[in-house]
Amino acid sequence: SDPTGKDADNIRQGSTLSEDHFEALKFDYQFANPPYGTEWKVDKEDVEREAQRGFNGRFGAGLPSISDGQLLFLQHMLSRMNDPQDKPSYIGVFFNGSPLFSGAAQSGESEIRRWILENDWLDTIIGLPGQIFYNTGIATYLWILSNRKPVDRKDKVMLIDASGDEFWSPMKKNLGDKRREIREEHQQKIFELFQSREQGKHVKIFDTTDFMYRRVQVERPLKLNFCNSSERIERLKEAKAFANLATSKKKDPEAKAKEESEGKALQQSILNALQSIPSDLVKDRDVFEGILDRSFSSHGVSIKAPIKKAIFNALGERDESAEICRNRNGQPEPDSELRDHENIPFKESISEYMKREVLPHVPDAWVDESFTDHKDEKVGRVGTEISFTRYFYVYNPPRKLSEIESDLQKLQSEIMHSLQSSV
C-alpha cells in the first residue's frame, strides 16, 4: 500500500471507529457518507477507551448517543486534518438531520458541535433533496469543513437550502428509495450558490455563535400552607422517615424489640403533639415552625431533622397565596415542581432576556446562578444546535374559511350527482 494515502486501493478491513489503520496519516481532502442512525454498540468499549485519552485520541470532544455514531465519524475525519500552519484540509460529509440538532446542552452531540464551531471549522451545510439515496428517502445534508477558511469566512457559517424542486429531477426508474437525482445542471446551480455566497431565498449566512445558546435554570419560590388535618396526618404516617422510627436493624431480638418499642412510643408522642395544635390553616412556614416547636416542647418530644422535614412535607401543601419559604440566610427557597429552563441566544444578555420573556409572566422568578457551564463557569450551560429548516421556513397563511366552504359545497354537489347517476 502507498504510505502517502494516494492509492485508491489502499483499503483496510475493520471498523473505522475501533480500528484506526491510518493513524499516522493526514489528508488534504476527505469525503465520506457514513451510515445514518447506526448504533456504535459493537465499538463501545474501544471508543470509550480512546475517548478517555481526550484530544490525544480522536474522540476528545465527546461521545454522541450510542444509537447514532455519525458525529464519531466526523471527529475521526477532523483528527486527520493537516496542521493548518503547513497546508489546509477540506472535508465533505453526508449526514441526516440528527447531527444538526440532537442532544441537549452539554450532551455529547452538543459538545461536539460546540467544539467544531469554536474552532471555526464548519464552512457550509447544504440541505439536499429527499429521496436521493438508494436505502433511505429522508432529508440529507452535506457538511463542508475546513481548517483554513478564507478571511471573509472567519467565524461564519453558510447554510444553503437546495431541497426545492429546482434542484432535482425525477428518475425514469426508481432504485429502492432513490426516486430523484441531482443532475449536472442542478449541481451547477448549487455550486453557484456556494461560490457567490449571496444571501437570499436559498442562502443564509450566520455567525458561529448564532447556533449557540445558554440553557439557564429558572426557579420560582416555594410557597406552602400548613395544617394538621387528618388527611395530612395520614400522609405523615406513610412517610418513610416516620415509619422507620418503629423499625430496627439490630440482630439481637431483645435489642431489636426494645428499639422498635421506643420508636412506636416516639411516633405516638409526635402524633399527640401534632393533634394538640389548633387546626387553623397557617400560611407562613416560620410561624408554623414556631407553633410546632412549642407543642413538642410542652409534650417533652425531641425529634431529629429528617423527622421534622417529613412533618413539613406531610402537613404542607403548595399555596400561591402563602408566604415565601426562606432559608437561614433569608433567601427564597426554590420550588422544584415549578422549576423550568430557558434556552437564551448566546449573544443575548441573560438579564435582558429574563426581563422581556419571563418576568412579565412570573415576576418572582430568578435564574439559578449555580447552574453553570463546565468550561467557562458562567451562568447557564452552553448548548449548540443548527435548526436548518427553521431558518428557511416560509409562512403560508391558511386559506380563507369562505374558500374552504365553497370547495366543500362543490364536492358535496359532485358526490350527490355521482350518487344520483348510479341509481
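**Close-up 1. Ser-169 faces Glu-181 of strand 7 across a hairpin.** As in every view here, what you see comes from a predicted model. The two strands involved are strand 6 (residues 169–175) and strand 7 (residues 178–181), and they run antiparallel, joined by 3 bridges. Just 2 residues sit between the strands of this hairpin, and Gly-176 adopts a positive phi near 65°.

**Close-up 2. Six strands make an open, mixed sheet.** Read across, the strand order is 1-2-4-3-5-8. Strand 1 (29–32) and strand 8 (203–207) are the edge strands; each has a single partner strand, so one side of each goes without a neighbour in the sheet. Ignoring direction, neighbouring strands are turned by 15° against each other on average. Strand 2 and strand 4 run antiparallel and share 6 bridges. Within that pairing, look for Ile-91 opposite Leu-145 of strand 4. Helix 5 (residues 184–196) packs on the sheet and touches strand 3, strand 4, strand 5 and strand 8. The direction of helix 5 makes about 155° with that of strand 5.

**Close-up 3. Strand 5 is mostly covered, with 5 of its 6 residues buried.** Now zoom in on its two pairings. With strand 3, strand 5 pairs in the parallel sense over 4 bridges, and here Gly-127 has Asp-161 of strand 5 as its bridge partner. With strand 8, strand 5 runs antiparallel, and 5 bridges join the two. There, Leu-159 has Lys-204 of strand 8 as its bridge partner.

**Close-up 4. The largest nonpolar core brings together 30 residues.** Leu-74, Trp-143, Leu-145 and Leu-159 are the ones with the most contacts inside this core. At least two residues each come from helix 2 (70–78), strand 2 (90–95), helix 4 (108–118), strand 3 (122–127), strand 4 (141–146), strand 5 (156–161) and helix 12 (388–391). Take Leu-74 as a guide: setting aside neighbours within four places in sequence, Leu-74 is in contact with Ile-91, Val-93, Phe-95, Ile-116, Trp-143 and Leu-145. A further core of 24 residues lies apart from this one, and includes Leu-222, Phe-242, Leu-292 and Phe-296. As a bit of background, nonpolar side chains tend to be buried together in soluble globular proteins.

**Close-up 5. Phe-206 and Tyr-391 form a tilted aromatic pair.** The structure holds 15 aromatic pairs. In this one, the rings are 4.5 Å apart centre to centre, with 45° between the planes. Phe-206 belongs to strand 8 and Tyr-391 to helix 12, so the pair ties together parts that are 185 residues apart in sequence. Both Phe-206 and Tyr-391 are buried.

**Close-up 6. Phe-226 and Phe-288 form a stacked aromatic pair.** Their ring centres are 4.9 Å apart, and the angle between the planes is 10°. Phe-226 sits in strand 10 and Phe-288 in helix 9 (residues 285–298), so this pair links parts that are 62 residues apart in sequence. Phe-226 has a relative accessibility of 0% and counts as buried; Phe-288, at 2%, also counts as buried.

**Close-up 7. Helix 6 (residues 230–238) has Arg-232, Ile-233 and Leu-236 buried.** Looking down the axis of helix 6, you'd find its buried residues within an arc of 105°, so they line one face of the helix. The general rule behind this sort of pattern is that an α-helix has 3.6 residues a turn, so residues three or four places apart point the same way. Ser-230, Glu-231 and Glu-238 are exposed on the other side of helix 6. The buried residues pack against strand 10 (224–226), helix 7 (240–243), helix 8 (253–275), helix 10 (305–315) and strand 11 (316–318).

**Close-up 8. Lys-251 sits in the loop between helix 7 and helix 8.** With a relative accessibility of 82%, Lys-251 counts as exposed. Between the C-alpha atoms of Lys-251 and Phe-133 there are 69 Å, and the two residues are 118 residues apart along the chain. For the other end of that span, find Phe-133 in one aromatic cluster with Phe-31, Tyr-36 and Phe-94.

Terms used: Residues numbered from 1 in each chain as written. Predicted model: local features only at pLDDT ≥ 70, side-chain atom pairs only at ≥ 80, totals over all residues. Heavy atoms only, no water. Buried < 20%, exposed > 50% of the residue type's maximum accessible area, 1.4 Å probe, protein only. Arc of directions from axis to C-beta. Contact = heavy atoms within 4.5 Å. Core = buried A, V, L, I, M, F, W, Y, C linked by side-chain atoms within 4.5 Å. Pairing = 2+ DSSP bridges. Axes fitted to C-alpha atoms, helices over the stretch in contact; angles between N-to-C directions. Phe/Tyr/Trp six-rings, centres within 6.5 Å; stacked < 30°, edge-to-face > 60°.
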